[in-house]
Amino acid sequence: MSFEPLPCEVLVIGGGPAAATAARLLARWGRDVTVVARPAGTEPALPESLTPSCGKFFDLMEIREEIDRLGFVRSTGHTVWWGTADTRAEAFAGGAQGWQVSSTRLSESMLDLAARAGARVTRGALSAEEALAWPARYRLDCTGRAGVIARAVASRRYEPGHRTVALIGTWTGPPWPLADPSHTLLESYVDGWAWSIPLDGATRAIAVMVDPRVTALSRGDGPKATYLAEVAKTRHLKALAASAGLAGGPWGWDASMYSTPEVAGDGWLLVGDAGSFVDPLSSAGVRKAMASAWLAAVTVNTALETPGLAAAAFDVFSTREADTYRQFLALTRRFLADAGGPPGGAHPFWSERSEEPVSGDAPAAPDRARVEQAYEALRRSVDPRLRPGPRVRVEDRPALGERLITLEPHVVTDEDLEGVRFVLDIDVVALLRAAGRGTDVPGLHAAYVEENGPAPWPSFLTAVATALARKWLIFP
């Protein structure tokens with residue numbers, strides 16, 4: 001270590017969006033934060049597509065104007081050839097726009113904004129031993145796949161059948177013959193899938209996502225020969241590249257999915273890609289990193305502000321990170337299954353990735369059938385008065401706020417031990433309180449609105465049906 005480890009409340013290791021997000025938020029909340037990031041220019045510049053949902057984190061950090069001033073290409077959606085030759089253009093809802101960015105430029109800008117908020121930024125490298133010995137109350141490992149602390153304290157679980165290498169090159173040429181050049185392009189083909197995003201008006205990145213075991217890489221053909229051979233297997237991106245020239249790369253990048261069983265421990269949290277990595281197919285990598293960093297910042301801010309809630313806050317972080325990974329895994333499997341067996345048959349790339357998990361690691365789908373049955377029972381009931389069920393109770397459970405985790409009342413049963421507070425923004429604790437008056441559904445709605453303010457009728461009915469399905473509410 002070439003610098004003195006000054007004491008601080010929170011040590012953030014890493015220099016990407018996760019590190020910058022956590023550091024800026026904590027510094028703005030008055031915390032003493034030190035960031036140790038590798039020297040600028042030592043990380044590869046990868047093209048990344050940011051969905052419009054990233055904007056809410058830019059707003060939370062109050063940096064949207066600074067991000068927009070960087071001049072990144074603003075994207076209006078996707079153009080997709082997925083499991084079919086048909087072109088499907090998908091605009092972002094409501095005319096929203098995403099960002100097509102260079103990872104290093106985005107990271108350096110966000111890190112500078114964290115420093116402006118009061119975080120101390122030091123350039124250098126830390127070993128796991130040095131990081132864990134740093135005189136800090138809490139340590140956030142935001143080092144991505146490198147996993148400085150992660151690899152020392154936990155073992156990663158790589159997702160079976162999802163070993164993937166991304167080969168990325170940049171191409172320049174005449175104006176791109178696209179209906180909307182800002183779009184992210186996605187194309188499935190027999191041996192994998194490919195994507196492309198614009199970096200500026202003349203340059204696009206084209207990437208192929210392949211299984212290293214079943215491509216020319218396994219024969220030792222080298223990355224460039226393998227990359228060009230894979231691009232040639234596509235239909236639409238091959239035609240696009242035909243009028244352009246390979247200007248840079250290809251660069252190889254491990255894009256295999258993994259998770260870590262324990263993402264929180266004695267004074268440390270594994271944040272973003274340090275804890276888990278999701279398939280780039282979702283275009284949600286940066287958003288996931290910033291969401292994880294916000295949750296980590298809230299967790300340690302709570303532990304510092306209210307030490308008695310530290311254990312509960314760490315449990316919230318661990319549970320939500322695990323749930324996020326399971327949701328992305330299920331979503332990825334559905335997307336890959338939707339490729340529908342591209343021409344050429346069931347290539348291992350597709351058959352392995354679309355298989356259902358053999359363990360219980362997939363999230364249970366919401367029981368819509370039970371809710372629909374409860375709604376029908378409510379509609380047919382001669383006396384649709386409702387009252388709280390005999391085994392339902394209201395108990396304090398951790399609730400996630402913008403800066404802190406607090407204890408708030410939740411609806412709890414033996415089947416819902418973690419508790420539920422809201423269904424479609426309807427406060428179910430208040431719903432049960434209103435149901436204690438023994439009125440019919442319109443009267444229940446009126447009582448709820450009187451106490452809590454406006455409640456859209458469709459959302460309210462769905463919340464009531466959900467409460468019936470879970471036996472929070474019953475008929476007399």
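This section describes a seven-stranded sheet, the salt bridges and the cysteines of a predicted model.

The sheet is open and contains seven strands. Their order is β6-β5-β12-β13-β14-β11-β15, and the pairing is mixed. Two strands stand at the edges, β6 (88–91) and β15 (245–254). Each has a single partner strand, so one side of each is left without a neighbour in the sheet. On average, neighbouring strands of this sheet are turned by 20° against each other, direction ignored. Strands of a sheet pair through backbone hydrogen bonds, in either a parallel or an antiparallel arrangement.

Within this sheet, β13 (residues 192–198) and β14 (residues 203–210) run antiparallel. Seven bridges join the two strands. Ile197 stands opposite Ala205 of β14. A helix also packs here: α7 (residues 223–233) lies across β11 (165–172), β12 (184–189), β14 and β15. The helix runs at about 80° to β11.

Salt bridges were then examined. The count comes to 25. One of these is formed by the side chains of Arg145 and Asp254, with an N to O distance of 3.2 Å. Arg145 lies in the loop between β9 (136–141) and α6 (150–153), and Asp254 lies in strand β15, so the pair ties together parts that are 109 residues apart in sequence. One end of this pair thus belongs to an edge strand of the sheet, β15. Arg145 counts as buried, because its relative accessibility of 17% is under the 20% limit. Asp254 has a relative accessibility of 28% and counts as partly exposed.

A second pair involves strand β21 (405–412). Arg421 forms a salt bridge with Glu408, and the closest N and O atoms are 3.4 Å apart. Arg421 is in the loop between β21 and β22 (422–423), whereas Glu408 is in β21 itself. The two residues are 13 residues apart. Arg421 is buried at 18% relative accessibility. Glu408 is partly exposed, with a relative accessible area of 30%.

The loop between β21 and β22 also holds Asp416. The side chain of Asp416 meets that of Arg470 in a salt bridge, at 3.4 Å from N to O. Arg470 is placed in the loop between α15 (457–469) and β24 (473–474). This pair links distant parts of the chain, 54 residues apart. Here the acidic partner is buried: Asp416 has a relative accessibility of 17%. Arg470 is partly exposed at 36%. In the two pairs described before, the buried residue is the arginine, Arg145 and Arg421. Salt bridges also form a network, which links Arg393, Glu395, Arg397 and Asp414.

The cysteines were considered last. The number of disulfides is zero. Cys54 is in no disulfide. The nearest cysteine sulfur to that of Cys54 belongs to Cys142 and is 16 Å away, whereas a disulfide requires sulfur atoms within 2.5 Å. Cys54 is buried, with a relative accessible area of 1%. Cys142 is likewise in no disulfide. For Cys142 the nearest cysteine sulfur is that of Cys8, 13 Å away. Cys142 counts as buried too, at 8% relative accessibility.

Conventions. Residues numbered from 1 in each chain as written. Predicted model: local features only at pLDDT ≥ 70, side-chain atom pairs only at ≥ 80, totals over all residues. Heavy atoms only, no water. Pairing = 2+ DSSP bridges. Helix = DSSP H or I, 4+ residues; strand = E, 2+ residues; numbered from the N terminus. Axes fitted to C-alpha atoms, helices over the stretch in contact; angles between N-to-C directions. Contact = heavy atoms within 4.5 Å. Salt bridge = Lys/Arg side-chain N within 4 Å of Asp/Glu carboxyl O. Buried < 20%, exposed > 50% of the residue type's maximum accessible area, 1.4 Å probe, protein only.
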